[in-house]
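Welcome! Please take a moment with the sequence and the model shown here, and then we can walk through some charged pairs together.

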Amino acid sequence: MTDKIIKVLAHNGKIAITCINSSNLVEEARKIHDLSPVTTAAFGRLLTIAAIMGNEMKNKKDKLTIQIKGNGPIGTMLVTANNIPKVKGYVAEPHVDLPLNEFGKLDVGTAVGYEGYINVIKDIGLKEPYIGISPLVSGEIAEDFANYFVNSEQRQSAVALGVLVDKNGVKSAGGYLITPMPDATEEEIGKVEQAIFKAGAMSKMLDSNMTLEEIAKKVTGDENIEILEDNIVPEYKCDCSKEHMKDALVSIGKKDLEEILKEDGKLEAMCHFCNKKYIFTKEELEEMIANIDK
Ligand SMILES: [Zn+2]
């Protein structure tokens, strides 16, 4: 199954739901960053919600950046997304290994940490970017984002994120975000809450080959959903280039570049998002330094 996002309305337009299958996207991130199973689960959940939130932005140029800084061994995780959505990111400690938790599951909460915060920056072309900060509640990511939506965006949402990992890598990954419209009744919200409870884990539903449409019906408890969009394809993709890298290097300053030139005679720089290596020769370094004067 290919990765996809669908947007759906349930209960006569009163409940909005976005469902995502991000299995390939998370597997791509696992391979690039050589992630351990628990880090795949933690980072995969973050990439999945970033794809949903990135896609909510209106314009192609809008940029979403999410940083999670927890007190667990994974350290800082950072992801960026645009509205297509193309997502990318990196993890401070990709090889964290922990015993399974009391439920026999990957212990994402301990790996991320129970204390810390989520920092969301949305650059949507306004003078100042939107910045939202919210504390972590469990480090399990979905709960932390549900709390973020209430705290920072005044949205009472249900968030589910799941990544199933086996010895070959990512078996399935995905999630959903359910937001009641302002005119949704208590009864309609109650029906959805019950349906979510009955549906079980997102990664299991995907792993049993349910389509996103079937999942949307199941977690809203509505057979008559209205599909608004069903052909959005999320992707893990880095847009780095030698040109971008050069701009970043110029910003470290003339003096430091001159020192590197003198000591090493060349410069190797690696992209944090895709681990691609860029080599700048002596001549290229000299040209960069000369141009800083201009
Ligand atoms: Zn890159």
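Is E286 buried, partly exposed or exposed? With a relative accessible area of 35%, E286 is partly exposed. Keep in mind as you read that this is a predicted model.

## A pair within one helix

The side chain of E286 has a partner: K282 meets E286 in a salt bridge, with 3.3 Å from N to O. Both residues sit in helix α10, which covers residues 282-292, and because they are four residues apart there, about one helical turn separates them. K282 is also partly exposed, at 41% relative accessibility. Side chains of opposite charge can pair when their charged atoms come close.

## A pair across the chain

Now turn to another part of the model. E56 forms a salt bridge with R155, and their closest N and O atoms are 3.0 Å apart. This pair links distant parts of the chain, with the two positions 99 residues apart in numbering. E56 belongs to helix α2 (residues 37-56), while R155 lies in the loop between α4 (142-153) and β8 (158-166). E56 is partly exposed, at 32% relative accessibility, whereas R155 is buried, with a relative accessible area of 17%.

R155 has a salt bridge with E153 too, where the closest N and O atoms are 3.2 Å apart. E153 counts as buried because its relative accessibility is 17%, and the cut-off for buried is under 20%.

These residues belong to a wider group: E56, K122, E153 and R155 are linked in a network of salt bridges. Over the whole structure, a search finds 13 salt bridges, including the ones in this small table:

| Salt bridge | Closest N to O |
|---|---|
| E56 and R155 | 3.0 Å |
| R155 and E153 | 3.2 Å |
| K282 and E286 | 3.3 Å |

## A look at the start of the chain

Where is T2 placed? You will find T2 in the segment before β1 (4-10). T2 counts as exposed, at 60% relative accessibility. Which residues does T2 contact, leaving aside its neighbours within four places in sequence? Apart from those neighbours, T2 is in contact with N21 and N24. For a sense of distance, try locating Y114 as well: T2 and Y114 are 112 residues apart in sequence, and their C-alpha atoms are 33 Å apart in space.

How values were computed. Residues numbered from 1 in each chain as written. Predicted model: local features only at pLDDT ≥ 70, side-chain atom pairs only at ≥ 80, totals over all residues. Heavy atoms only, no water. Salt bridge = Lys/Arg side-chain N within 4 Å of Asp/Glu carboxyl O. Buried < 20%, exposed > 50% of the residue type's maximum accessible area, 1.4 Å probe, protein only. Contact = heavy atoms within 4.5 Å.
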